[in-house]
Amino acid sequence: MSYLKIAGVVVLVIVLLLAGALAWVRFGPVRRAEPVQAGTNTSRSLPEPDRTDGMALHAALEARRSGRDYDDTPLSLDEVGQILWAAQGITDPRGFRTAPSAGALFPLELYLVAGNVEGLEAGVYHYDPSAHGLTRMVEGDIRDALAAASLGQSSVADGAAVFVMAAEYERTTRRYGSRGEMYVHIEIGHAGQNVYLQAASLGLSTVAIGAFDPDRIAELLGLPEAFVPLYVMPVGHPAD
Ligand SMILES: Cc1cc2nc3c(=O)[nH]c(=O)nc-3n(C[C@H](O)[C@H](O)[C@H](O)COP(=O)(O)O)c2cc1C
């Protein structure tokens, strides 16, 4: 091999190493939530999300409305899985999701409080976007306690399921400092709007709830110390 070819290979290797290092600094490792109550964890995969059919985006935008009154019809596992995917599902081989994330650091963690979901025992479940699956963290129906922790808002007790979004700020603030806090709040808004629009397109109703006691919600869900609940979104079939 000529010196020119060897030099070319060396330059190529250096460029590849630099690109890898840059990608690491840019995107960092994706971290996952830890199951919090050993002994009660059971994992299951969700049905494949629908990526082809459904309401036109403009119609979902038009239909989106906060709804607080639901009937007793259960949610299906398809509906629950579709909403979880809309909020935080992975849509790109690099791990990018349905909602944008500053620096692709993904500070949000999504929990499903299931009460009246077909084929799913009542309990608190953590959503794993990479597996599109659920891990049960807490057994039993905690919707009434969740409503009490949400200043007694009855919508939280009445939703067939409640989607709780939490954040680990440090994932974003370690790179962006205090500005990272703002980024996390913006990201919750993106994910929350996705839940609204997906619910609307399925003919379901939801409301974004910010008025709650975060410490009590964290306690009920058994969240790790660093996770802060930011949104509580009950979902159900709208009452007439
Ligand atoms: C950050 C935030 C916090 C909210 N908190 C509550 C809440 O605690 N309870 C509630 O019933 N609605 C809550 N809402 C919903 C608003 O009341 C609702 O968006 C507003 O009335 C406009 O209605 P629309 O969503 O149907 O357009 C909240 C909305 C946002 C964006």
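A: A polar contact is a pair of N or O atoms within 3.5 Å. The model discussed here is predicted.

Q: What makes the approach of the ligand to Gln 153 a polar contact?
A: A nitrogen atom of the ligand is 2.7 Å from an N or O atom of the Gln 153 side chain. The cut-off is 3.5 Å, so the pair qualifies.

Q: Which atoms of Arg 68 and Ala 211 come into polar contact with the ligand?
A: In Arg 68, an N or O atom of the side chain is 2.6 Å from a ligand oxygen. In Ala 211, a polar backbone atom is 3.1 Å from a ligand oxygen. Taken alone, the ligand exposes 620 Å², and the protein buries 55% of that.

Q: Why are the buried residues of helix 8 said to line one face?
A: Ile 217, Ala 218, Leu 220 and Leu 221 are the buried residues of this helix, which spans 214–221. Seen down the helix axis, they fall within an arc of 165°, so they line one face.

Q: What does the face of helix 8 turned away from the buried side carry?
A: It carries Asp 215 and Glu 219, both exposed. Exposed means over 50% relative accessible area.

Q: What makes Asp 213 a cap of helix 8?
A: A side-chain oxygen of Asp 213 lies 3.1 Å from the backbone nitrogen of Asp 215, at the N-terminal end of the helix. The limit is 3.5 Å, so this distance is within it.

Q: How is confidence spread over the protein?
A: The average pLDDT is 91, and 90% of the residues score at least 70. Over residues 25–33 the pLDDT is below 50. Where pLDDT is low, predicted coordinates should not be read in detail.

Methods. Residues are numbered from 1 along each chain as its sequence is written. This is a predicted model: local features need pLDDT of at least 70, side-chain atom pairs count only at pLDDT 80 or more; totals for chains, interfaces and linings use all residues. Side-chain values use heavy atoms; hydrogens and water are left out. pLDDT is the predictor's confidence in each residue, from 0 to 100. Contact means heavy atoms within 4.5 Å. Buried means under 20% relative accessible area, exposed over 50%, partly exposed in between (1.4 Å probe, protein chains only). Helices (H or I, at least four residues) and strands (E, at least two) are DSSP runs, numbered from the N terminus. The arc is that of the directions from the helix axis to the C-beta atoms. A polar contact is a pair of N or O atoms within 3.5 Å; within protein, one must be able to donate a hydrogen and the other to accept it, and residues adjacent in sequence count only if both atoms are side-chain atoms. Accessible areas come from the Shrake-Rupley method with a 1.4 Å probe; for residues, only the protein chains shown count as cover.
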